Amino acid sequence: MVNFSLEGKIALVTGASYGIGFALATAFAEAGAKIAFNDIKQELVDKGIAAYKEKGIEAKGYVCDVTDEDQVNELVAKIEKDLGTIDILVNNAGIIKRIPMTEMKASEFRQVIDVDLNAPFIVSKAVIPSMIRKGGGKIINICSMMSELGRETVSAYAAAKGGLKMLTRNIASEYGEYNIQCNGIGPGYIATPQTAPLRERQEDGSRHPFDAFIVAKTPAARWGTPEDLMGPAVFLASSASDFVNGHVLYVDGGILAYIGKQPQ
Ligand code: NAP
Ligand code: GCO
């Protein structure tokens with residue numbers, strides 16, 4: 001029988017006080033997993049714990065900046081003490097800076113690469129040894145449409161997410177023999193705080209042009225929601241995907257397959 005259950009598993013979802021990470025952790029809890037998450041600020045960790053509790057989920061929240069290797073190693077040690085060895089890691093924490101490349105400071109470029117690419121390396125490196133000792137594990141990297149496509153103002157983000165696709169493939173290649181599966185989820189355009197600036201109403205009350213653009217580019221003719229990602233994440237976190245490795249599962253309503261609706 002195909003097994004989508006996560007009973008008895010321990011999942012760490014980074015940056016999961018809200019947004020996509022919160023939805024994925026909720027899905028894992030509903031499938032039976034124990035949840036650990038982190039955020040940079042205690043205030044947000046506390047808000048996250050309360051939000052999980054409202055859903056009947058006893059999540060463990062920790063303050064940790066995923067770009068800081070010492071903090072990450074301390075986080076993993078605390079989770080192992082509080083809950084046990086991490087079976088499922090979702091590298092979800094991420095930022096974006098929408099700045100034309102020629103106007104972007106090198107420090108701003110580096111900051112995006114640090115959170116969106118270096119941090120998944122740091123956190124994965126911290127959990128893999130225990131996964132090997134335990135006999136296997138699941139790593140899910142939250143990639144993006146920008147792992148495949150570029151657009152104006154997101155040079156750092158696209159470079160990071162493209163690199164994250166290849167880091168996903170390399171972890172799969174290097175640790176597959178230890179029964180570790182590393183895959184990516186490539187969300188389309190999802191309605192979260194990160195994309196709120198692309199959807200906000202214009203001063204005259206009209207729709208943001210990017211909002212209309214994305215809906216025209218999406219066969220599903222809508223923005224995605226964090227809930228759209230829950231099923232694919234449980235699949236990749238469960239034993240149902242034990243022979244899926246190095247794959248990026250695009251959950252994008254069909255954007256990558258579609259040239260876009262002809263302007264009326
Ligand atoms: P979001 O609403 O901005 O949430 C991002 C989360 O990451 C926040 O909890 C944030 O915490 C946390 N974070 C940022 N930097 C961190 C750091 N250094 N250490 C620890 N936590 C950190 O973003 P989202 O839309 O949920 O996106 C989540 C992931 O999906 C990101 O990797 C994003 O690139 C990716 N993604 C999003 C979309 C989309 O359309 N929304 C599509 C494709 C991929 P703070 O609030 O404290 O900063
Ligand atoms: C943007 C958006 C996208 C989404 C997502 C798409 O400015 O183009 O923020 O990058 O966040 O990554 O998959």
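A polar contact is a pair of N or O atoms within 3.5 Å. With that cut-off in hand, the two ligands of this predicted model can be taken in turn, followed by the cysteines.

Ligand 2 makes a good starting point. A polar side-chain atom of R98 comes to 2.6 Å from an oxygen atom of ligand 2, and a polar side-chain atom of S144 likewise lies 2.6 Å from an oxygen atom of this ligand. Y157 also takes part, with a polar side-chain atom 2.7 Å from an oxygen atom of ligand 2. On its own, ligand 2 has 330 Å² of accessible area, and the protein covers 96% of it. The shell around ligand 2 numbers 14 residues, and R98, S144, R151, Y157 and Q194 are the closest. Sorted by class, this shell holds eight nonpolar residues, four polar ones and two charged ones. As for its location, ligand 2 sits in the largest pocket.

Ligand 1 sits in the largest pocket as well. Here the surroundings comprise 29 residues, the closest being Y18, D39, N92, Y157 and T192. Y157 is thus listed among the closest residues for ligand 2 and for ligand 1. Where do polar atoms of the protein approach ligand 1? At D65, a polar side-chain atom is placed 2.9 Å from a nitrogen atom of ligand 1. At K161, a polar side-chain atom is 3.0 Å from an oxygen atom of the ligand. At I190 the backbone is involved: one of its N or O atoms lies 2.9 Å from an oxygen atom of ligand 1. Taken alone, ligand 1 exposes 890 Å², of which the protein buries 93%.

Turning to the cysteines, the structure holds zero disulfides. For C64, the nearest cysteine sulfur belongs to C182 and is 19 Å away, whereas a disulfide calls for sulfur atoms within 2.5 Å. C182 is in no disulfide either, and its nearest cysteine sulfur, that of C143, is 8.4 Å away.

Are these two cysteines buried or exposed? C64 is buried, with a relative accessible area of 1%. C182 counts as buried too, at 0% relative accessibility.

For a reader following along at the structure, Y157 offers a convenient place to begin, as a residue listed among the closest to ligand 1 and to ligand 2. From there, R98 and S144 lead to oxygen atoms of ligand 2, while D65 leads to a nitrogen atom of ligand 1 and K161 to an oxygen atom of ligand 1.

Terms used. Residues numbered from 1 in each chain as written. Chains lettered and ligands numbered in written order. Predicted model: local features only at pLDDT ≥ 70, side-chain atom pairs only at ≥ 80, totals over all residues. Heavy atoms only, no water. Buried < 20%, exposed > 50% of the residue type's maximum accessible area, 1.4 Å probe, protein only. Near = heavy atom within 4 Å. Polar contact = N/O pair within 3.5 Å; in protein donor to acceptor, adjacent residues only side chain to side chain. Areas by Shrake-Rupley, 256 points an atom, 1.4 Å probe, with all protein chains shown as cover. 1 Å grid on protein atoms, 1.4 Å probe; cavity = no way out; pocket = protein on both sides within 12 Å on 5 of 7 lines; lining within 4 Å. Sits in = over half its atoms within 2 Å of the grid points. Nonpolar A, V, L, I, M, F, W, Y, C, P; charged D, E, K, R; others polar.
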